Amino acid sequence: MAYQKILRKGLKPSTAHLAHRTVRAALNEAVRRRHITENPARIAKAPRVVEEEIVPFSRDEARRLITAAGEIRNGARFIIALSLGLRRGEALGLKWSDVTITWKHGCARGEACRRTLTAAECPVRRGSGTLTVRRSIQQLNWQHGCTPDKPCGHEHGAYCPERYGGGLVVGEVKSRAGRRVIGLPRPVIEALEAHRGQQEDEREAAANLWEEGDWVFATPIGRPTHPTPDNRAWKALLRLAGVRNARLHDARHTAATVLLELKVPLPAAMELMGWSNAAVAKRYMHVNTELVTSVAEQVGAHMWAAPNDEDEDEDGPEGALVPV
Ligand SMILES: [Zn+2]
Ligand SMILES: [Zn+2]
C-alpha cells in the first residue's frame with residue numbers, strides 16, 4: 001500500500017497521514033465532478049499518527065559518548081548535542097561569531113600571572129560564555145528536472161542529470177522555532193576551545209584551499225558540514241563509545257531530560273531547548289520515573305505537611321493574623 005511505502009522511505013507517519021488527506025480530498029473532488037462514483041480513499045485506512053518514542057541516554061552512556069567525542073575530529077559537535085540539545089541543523093549552522101566566551105584569571109589575587117598574562121593565557125583560566133542559535137542548515141532533496149516524455153529513469157532525483165532544488169540551504173531560525181541564547185557549561189567551553197585549536201591546524205594544512213565561512217564545525221577545507229557525513233560521524237562515535245545504536249535526536253532528548261532532572265523550571269527549559277510550546281516539553285514528563293517519583297514526593301510534602309510545619313507558615317498558625 002502507498003502509505004506503507006511512504007513509511008518505509010523513513011518519512012513520518014504524519015507525512016503519510018497528510019498524503020492520505022490530500023489524496024482523499026482530491027478524490028472527493030473527482031467524485032463531485034463525477035469522474036468517479038466512489039472515493040477509494042474512504043475505504044483505505046490512514047496510518048495512525050504515532051508519537052516519536054523518546055529514548056534518552058543514561059548518564060553512563062552520555063559520559064562514555066562525551067569521553068569518546070574528545071578523541072574524534074569535530075567531536076565538540078556531539079558534546080554540544082548531548083549537553084545543550086541543539087538540533088542537527090542548528091549545530092551544523094553555528095558560526096564562531098555566534099559563540100561568545102570571556103575569560104577570568106583563576107589564579108589567586110596578587111599572583112604574577114595577573115600582571116604578565118592575559119586572562120585567556122592564565123593556566124587556571126575560568127571561562128564563561130554563551131552560544132546564540134540563529135541559523136540552521138538543512139539538506140533539501142533534489143527534484144527531477146527531466147520531463148515526463150523523457151524521464152531519466154532514476155528513482156531518486158539526486159541522480160537525475162537535470163536535478164534542481166537540492167543541496168545545503170542555510171536558513172535563519174525564527175524566534176518561535178527556537179532562536180535562543182544558551183549559557184555554556186565550563187567543560188563545553190574547554191571542548192570548544194580545544195576544537196578551535198584543531199580547526200586552526202586544519203586551516204593551516206588546507207592553505208589556499210581553505211574557504212573561510214566562519215563555520216564552527218567545518219569540513220577540512222572550511223566548508224559547512226553536510227547532514228549525511230555528520231550522521232556517519234555520529235554512528236561511528238556510538239561504536240567508538242560502545243553505546244547502543246541510537247539516533248542523533250536521542251542526544252537532544254538526553255539534554256532535555258537532564259534539564260528536567262535538574263528541576264529547571266519549565267519556561268526556562270523551553271527557552272534552552274527552543275521548544276515553541278509546552279506540549280513538547282510535557283512529552284518528557286513521563287520519561288523518567290525517578291523524576292516523577294521525586295515530584296510526587298514534593299507534592300506530597302507540600303500539601304500534606306505535618307501540622308507542626310504549618311505553625312511556621314507566613315500567615316501564622318491556623319491562618320491567624322501575623323502581628324506586624
Ligand atoms: Zn592567572
Ligand atoms: Zn530525472
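**View 1. The zinc donors follow an H-x1-C-x5-C-x7-C spacing along the chain.** In this predicted model, the zinc ion (ligand 2) is held by His144 through ND1 and by Cys146, Cys152 and Cys160 through SG, at 2.1 to 2.4 Å. Angles among the 4 donor atoms run from 102 to 118°, which makes the site tetrahedral. For comparison, the ideal angle for four tetrahedral donors is 109.5 degrees. His144 and Cys160 both sit in the loop between strand S3 (135–140) and strand S4 (167–172), so this pair ties together parts that are 16 residues apart in sequence. Burial splits the two: His144 is partly exposed at 29% relative accessibility, while Cys160 is buried at 3%.

**View 2. Here is the largest nonpolar core, with its 38 residues.** The members that touch the most other members are Phe57, Leu65, Ile80, Leu86, Leu184, Leu192 and Trp234. Helices and strands both chip in: H3 (59–69), H4 (76–84), S1 (99–104), S2 (126–133), H7 (186–206) and H8 (227–241) each supply at least two residues. H4 gives the largest share, 7 residues. Apart from this core lies another one of 11 residues, with Ala269, Met270, Trp275 and Tyr284 among them. As a general backdrop, nonpolar side chains in soluble globular proteins tend to be buried together.

**View 3. Zoom in on Ile80 and its contacts.** Leaving aside residues up to four places away in sequence, Ile80 touches Gly85, Leu86, Leu94, Leu131, Val188, Leu192 and Phe217. Two of these neighbours, Leu86 and Leu192, are also on the list of core members that touch the most others, as is Ile80 itself.

**View 4. Phe57, Phe78 and Trp234 form one aromatic cluster.** The structure holds 2 aromatic pairs. One of them is Phe78 with Trp234, a tilted arrangement at 5.6 Å centre to centre with 40° between the planes. That pair links distant parts of the chain, with Phe78 in helix H4 and Trp234 in helix H8, 156 residues apart. Neither ring shows much surface: Phe78 is buried with a relative accessible area of 2%, and Trp234 is buried at 0%.

**View 5. Thr254 of helix H9 (residues 249–261) comes up against Phe57.** Besides Phe57, Thr254 touches Pro56, Ala62 and Leu82, again not counting residues up to four places away in sequence. At 5% relative accessibility, Thr254 counts as buried.

**View 6. Strands S2 and S5 pair in the antiparallel sense.** The pairing runs over 4 bridges, and Thr132 has Val181 in S5 as its bridge partner. S5 (residues 180–183) has two distinct faces: Arg180 and Ile182 are on the covered one, Val181 and Gly183 on the uncovered one. That fits the usual pattern, in which side chains of a regular strand alternate between the two faces of the sheet.

**View 7. Asn74 and Lys263 each have a positive phi without being glycine.** Phi is near 60° for Asn74 and near 60° for Lys263. Asn74 lies in the loop between H3 and H4, whereas Lys263 has its place in the loop between H9 and helix H10 (266–273). Their surroundings differ too: Asn74 is buried, with a relative accessible area of 12%, and Lys263 is partly exposed at 45%.

Technical notes: Residues numbered from 1 in each chain as written. Chains lettered and ligands numbered in written order. Predicted model: local features only at pLDDT ≥ 70, side-chain atom pairs only at ≥ 80, totals over all residues. Heavy atoms only, no water. Donors = N, O, S within 2.8 Å, 3.2 Å for Na, K, Ca; no water. Tetrahedral: all angles 85-135°; square planar, octahedral: opposite > 155°, others 65-115°. Buried < 20%, exposed > 50% of the residue type's maximum accessible area, 1.4 Å probe, protein only. Core = buried A, V, L, I, M, F, W, Y, C linked by side-chain atoms within 4.5 Å. Contact = heavy atoms within 4.5 Å. Pairing = 2+ DSSP bridges. Phe/Tyr/Trp six-rings, centres within 6.5 Å; stacked < 30°, edge-to-face > 60°.
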